Amino acid sequence: MALSHDPSWPRAGSWPAFDGERVDAALLGVPVHGTSLSPTGAHATPAAIRDALARYSPTLMGPPAVDLGAALRIADAGDIDDPDSAAGTERTVDRVAELAASARRVIALGGDNSLTYSVARGVSATGLITFDAHFDLRDGVSNGTPVRRLVEDAPEAQRIDPRRIVQIGIADFANSAFYAQRAADWGIRVITLDEVRRRGIDDVAAEALEVAGAGADARVHLDIDVDVCDRSVAPGCPASVPGGLAAWELRALTRRVASDARVVGADIAEVDATADAPDGRTVRLAALCVLELLAGLVDRG
């Protein structure tokens, strides 16, 4: 169905192509899906998120109201071709690095969670925050391994100290004791779903930024794995479970973390646009996360 047109009600998205000039934010599609542990059509998601953005206004209510399109320079750098191959991984790293040299924030549209390995390397992250029900500390190469790979497999200059990793939303009955112990042994700060709800979003986000953003010239990457959400709001995430974060909690966490200047990169992962509910609620939530990442840039000025 065609969307209505009102010149006084602009729609989000349809941002100009990246031209190499300075921007506040650059979007990049990274349609990885080939190594997913469960069947997925996540390669279709970057395009679906771009389409869904048009359902929303780019306006923050304030007060005063702020139009993101007027307040920020936003560009779209297109998609990475064949990002699942070893060569594609390195192309992604190089392209993200190129964008990071000209953008205050690079926002990568996945794709399964394997993109976190490439994108965090590309922005030269020194710290990592994940919103995820899962540790992603498995061995091998898959969507279940990016956090481990950033600690162990990345070139030495691009590895992340596990003591600068914070994982928010880790859920009961979605992980094994083995990987929980690996996280503990490595010094990863794990903030479970129950702890998020007990402490509140502002408190949790402040700690995460303190840990991941420690040190001089800190550069934090934010991995938004939408399967951290309750399955009722994220049916298009193969591994989402009942009882996860509410949509508003994910959005609030995203904007709170994104308002910190140390956050230079972000990715949105694990949404399978081909398996979404008929109303597209998972993809629409992912699109709103893009807008929250942009809103954070306005919040910090």
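Let me start at Gly111, which sits in the loop between strand S5, residues 103-110, and helix H4. This is a predicted model, and in it the peptide bond that joins Gly110 and Gly111 is cis, with omega about 15°. There is another cis bond to point out, from Gly62 to Pro63, where omega is near 5°, and Pro63 belongs to the loop between strand S2, residues 59-60, and strand S3, residues 66-67. As general background, most peptide bonds are trans, and most residues other than glycine have a negative phi.

From Gly111 we move on to H4 itself, which spans residues 115-122 and has eight of its eight residues buried, so this helix is largely enclosed by the rest of the structure. The buried residues include Tyr117 and Val119, but also Thr116, Ser118 and Arg121. After H4 comes Ser124, in the loop that leads to strand S6, residues 127-131, and Ser124 has a positive phi of about 55° although it is not a glycine. Its relative accessibility is 44%, so Ser124 counts as partly exposed.

Asp217 is another residue other than glycine with a positive phi, near 55°, and it is found in the loop between helix H8, residues 201-212, and strand S9, residues 220-225. Asp217, at 71% relative accessibility, counts as exposed.

Let me now step back to the chain as a whole, whose secondary structure comes to 10 helices and 10 strands. The radius of gyration is 18 Å, close to the 19 Å that the globule rule gives for 301 residues, so the chain is as compact as a globular protein of that length. Along the principal axes, its C-alpha atoms fill a box of roughly 55 × 40 × 40 Å. Buried residues make up 55% of the chain, and of the contacts with a separation of 6 or more, 77% are between residues 24 or more positions apart. The exposed area is about 12200 Å², of which carbon and sulfur atoms supply 52%. As for charge, there are 30 positive and 44 negative charges, and their mean positions are 3 Å apart.

What, then, does the interior look like? The largest nonpolar core has 58 residues, and those with the most contacts inside it are Ile129, Phe131, Ile168 and Leu294. The largest share of this core, 12 residues, comes from H10. A second, separate core has 36 residues, among them Ile80, Ala125, Val151 and Ile170. In general terms, nonpolar side chains in soluble globular proteins tend to be buried together.

To look at individual positions, Ile129 is in contact, leaving aside neighbours within four places in sequence, with residues including Val166, Ile168, Ala208, Leu222 and Val257. Ile165, in strand S7, residues 165-170, is buried, with a relative accessible area of 0%. With neighbours within four places again left aside, the contacts of Ile165 are Leu128, Val147, Val151, Ile160, Ile188 and Arg189. Ile165 and Ile224 are 59 residues apart in sequence, and their C-alpha atoms are 14 Å apart in space.

I will finish in helix H10, residues 281-300, where Thr282 lies. Thr282 is buried, with a relative accessible area of 0%, and, not counting residues up to four places away in sequence, it touches Val226, Val233, Ala234, Pro235, Gly236, Cys237, Val271 and Asp276.

Notes: Residues numbered from 1 in each chain as written. Predicted model: local features only at pLDDT ≥ 70, side-chain atom pairs only at ≥ 80, totals over all residues. Heavy atoms only, no water. Buried < 20%, exposed > 50% of the residue type's maximum accessible area, 1.4 Å probe, protein only. Helix = DSSP H or I, 4+ residues; strand = E, 2+ residues; numbered from the N terminus. Rg over C-alpha atoms; globule rule 2.2 N^0.38 Å. Contact = heavy atoms within 4.5 Å. Areas by Shrake-Rupley, 256 points an atom, 1.4 Å probe, with all protein chains shown as cover. Lys, Arg positive; Asp, Glu negative; His and termini not counted. Charge placed at Lys NZ, Arg CZ, Asp CG, Glu CD. Core = buried A, V, L, I, M, F, W, Y, C linked by side-chain atoms within 4.5 Å.
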